[in-house]
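This briefing introduces the charged pairs, loop residues and surface patch of one protein chain. Please keep the sequence and the structure in view while reading.

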Amino acid sequence: MRKIIAFLFFAFILNGYAQKSKNIFSRDPIVNLENFQKKKVYYGFYLGFNSYDFKIDYKEETPDILVSKTTGFNVGIIGDVKLQEYINLRFEPGLYYTKRDLNYPDFSNSGDALREVNSTYIHFPLLLKLSSLRTGNIRPYGLAGLSATLNLSSNAKLVDDNLQQRFRVKSWTTNYELGFGIDFFSEYFIFSPSIRGVFGFNDELIRDNDPNSPWTGNIESLKTRAVFINFSFH
């Protein structure tokens with residue numbers, strides 16, 4: 001349902017651009033915000049959706065833990081510094097909420113087989129924005145960079161583990177990010193949809209107190225994988 005809402009929202013914005021921005025997709029549009037690219041520093045905000053997953057590696061071959069993903073929500077601010085005509089440095093701190101369910105295959109008891117991982121992240125990405133040549137009121141770009149993430153729901157400080165139904169991960173993780181987007185220049189602001197992949201560097205799992213725990217004993221590493229779809233306004 002949220003994906004449908006996102007699609008309709010995106011379609012509505014583009015339709016508004018086509019009608020109000022003096023034919024943004026026409027062959028010879030009136031150039032909007034012509035001097036905007038000359039700014040050294042500018043700010044913005046974004047709203048969006050996320051889909052978080054886990055990449056799980058195992059010590060021994062075993063039936064995979066199934067990760068059920070949901071669509072989460074993002075909100076944040078943007079600070080952008082122009083380094084060169086086609087290169088910008090961006091800082092996009094934001095609040096990200098998501099939920100994943102881990103379904104363990106070797107339990108007959110459904111309460112032991114399911115672990116709900118609710119996560120509230122404060123995400124700190126530092127990105128390079130590599131823009132192409134502007135064509136009329138449209139400018140595609142690529143994104144690449146590094147990020148650090150604070151998980152406010154990590155349970156990292158708890159002594160209880162999966163025996164007490166407490167799934168624990170580390171509070172801080174680091175990632176690299178790759179993505180692309182398009183700047184649409186309207187008469188008064190820039191609308192910028194983008195999609196980005198996030199790939200965790202480090203193992204996030206905190207093992208249970210029992211080294212032979214059926215929940216964590218056979219896991220070699222557990223790393224974040226995520227896709228962000230953001231709608232930015234400048």
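In this predicted model, the side chains of Lys82 and Glu85 meet in a salt bridge, with N and O 3.6 Å apart. Side chains of opposite charge can pair when their charged atoms come close. The points below begin with such pairs, then turn to individual loop residues and finally to a nonpolar patch.

**Salt bridges**

- The count of salt bridges in the model comes to 10.
- In the pair of Lys82 and Glu85, the two partners differ in how they are covered: Lys82 has a relative accessible area of 15% and is therefore buried, since buried means under 20%.
- Glu85 has a relative accessibility of 39%, so this residue counts as partly exposed, the class between 20% and 50%.
- Asp80 pairs with Arg90 in another salt bridge, in which the closest N and O atoms are 3.0 Å apart.
- This pair links distant parts of the chain, for Asp80 belongs to strand 3 (residues 71-84) and Arg90 to strand 4 (residues 87-91), 10 residues apart.
- Both Asp80 and Arg90 are buried.
- Glu92 forms a salt bridge with Arg196, and here the closest N and O atoms are 3.4 Å apart.
- The link again joins distant parts of the chain: Glu92 is in the loop between strand 4 and strand 5 (94-103), while Arg196 is in strand 9 (residues 190-200), 104 residues apart.
- Glu92 and Arg196 are both buried.
- Salt bridges that share partners connect Asp80, Arg90, Glu92, Glu177 and Arg196 in one network.

**Residues in the loop between strand 7 and strand 8**

- Asn155 is located in the loop between strand 7 (138-151) and strand 8 (172-185).
- The phi angle of Asn155 is near 65°, which is a positive value in a residue other than glycine.
- Asn155 has a relative accessible area of 27%, a value between 20% and 50%, and is therefore partly exposed.
- Gln165 also lies in the loop between strand 7 and strand 8.
- Phi of Gln165 is near 60°, again a positive value in a residue other than glycine.
- The relative accessibility of Gln165 is 52%, so Gln165 counts as exposed, a class that begins over 50%.

**A residue in the loop between strand 8 and strand 9**

- Ser186 is placed in the loop between strand 8 and strand 9.
- With a relative accessibility of 4%, which is under 20%, Ser186 counts as buried.
- The side chain of Ser186 reaches the backbone nitrogen of Tyr188 at 3.3 Å.

**The nonpolar patch**

- A nonpolar patch on the surface is formed by Val41, Tyr43, Val81, Leu83, Leu89, Phe91, Phe124, Leu126, Leu128, Leu130 and Trp172, which together have about 990 Å² of accessible area.
- Two or more residues of the patch come from each of these elements: strand 1 (41-58), strand 3, strand 4 and strand 6 (114-131).
- Strand 6 gives the largest share of the patch, with 4 residues.
- Which class of exposure does Val81, one of the patch residues, belong to? Val81 is located in strand 3, and its relative accessible area is 31%, so Val81 is partly exposed.
- This value also agrees with the place of Val81 in the patch, because patches are made of residues with over 30% relative accessible area and no salt bridge.

Methods:
Residues are numbered from 1 along each chain as its sequence is written. This is a predicted model: local features need pLDDT of at least 70, side-chain atom pairs count only at pLDDT 80 or more; totals for chains, interfaces and linings use all residues. Side-chain values use heavy atoms; hydrogens and water are left out. A salt bridge is a side-chain nitrogen of Lys or Arg within 4 Å of a carboxyl oxygen of Asp or Glu. Buried means under 20% relative accessible area, exposed over 50%, partly exposed in between (1.4 Å probe, protein chains only). A polar contact is a pair of N or O atoms within 3.5 Å; within protein, one must be able to donate a hydrogen and the other to accept it, and residues adjacent in sequence count only if both atoms are side-chain atoms. Patches are made of residues with over 30% relative accessible area and no salt bridge: like charges are joined within 9 Å, nonpolar side chains (Val, Leu, Ile, Met, Phe, Trp, Tyr) within 5 Å. Accessible areas come from the Shrake-Rupley method with a 1.4 Å probe; for residues, only the protein chains shown count as cover.
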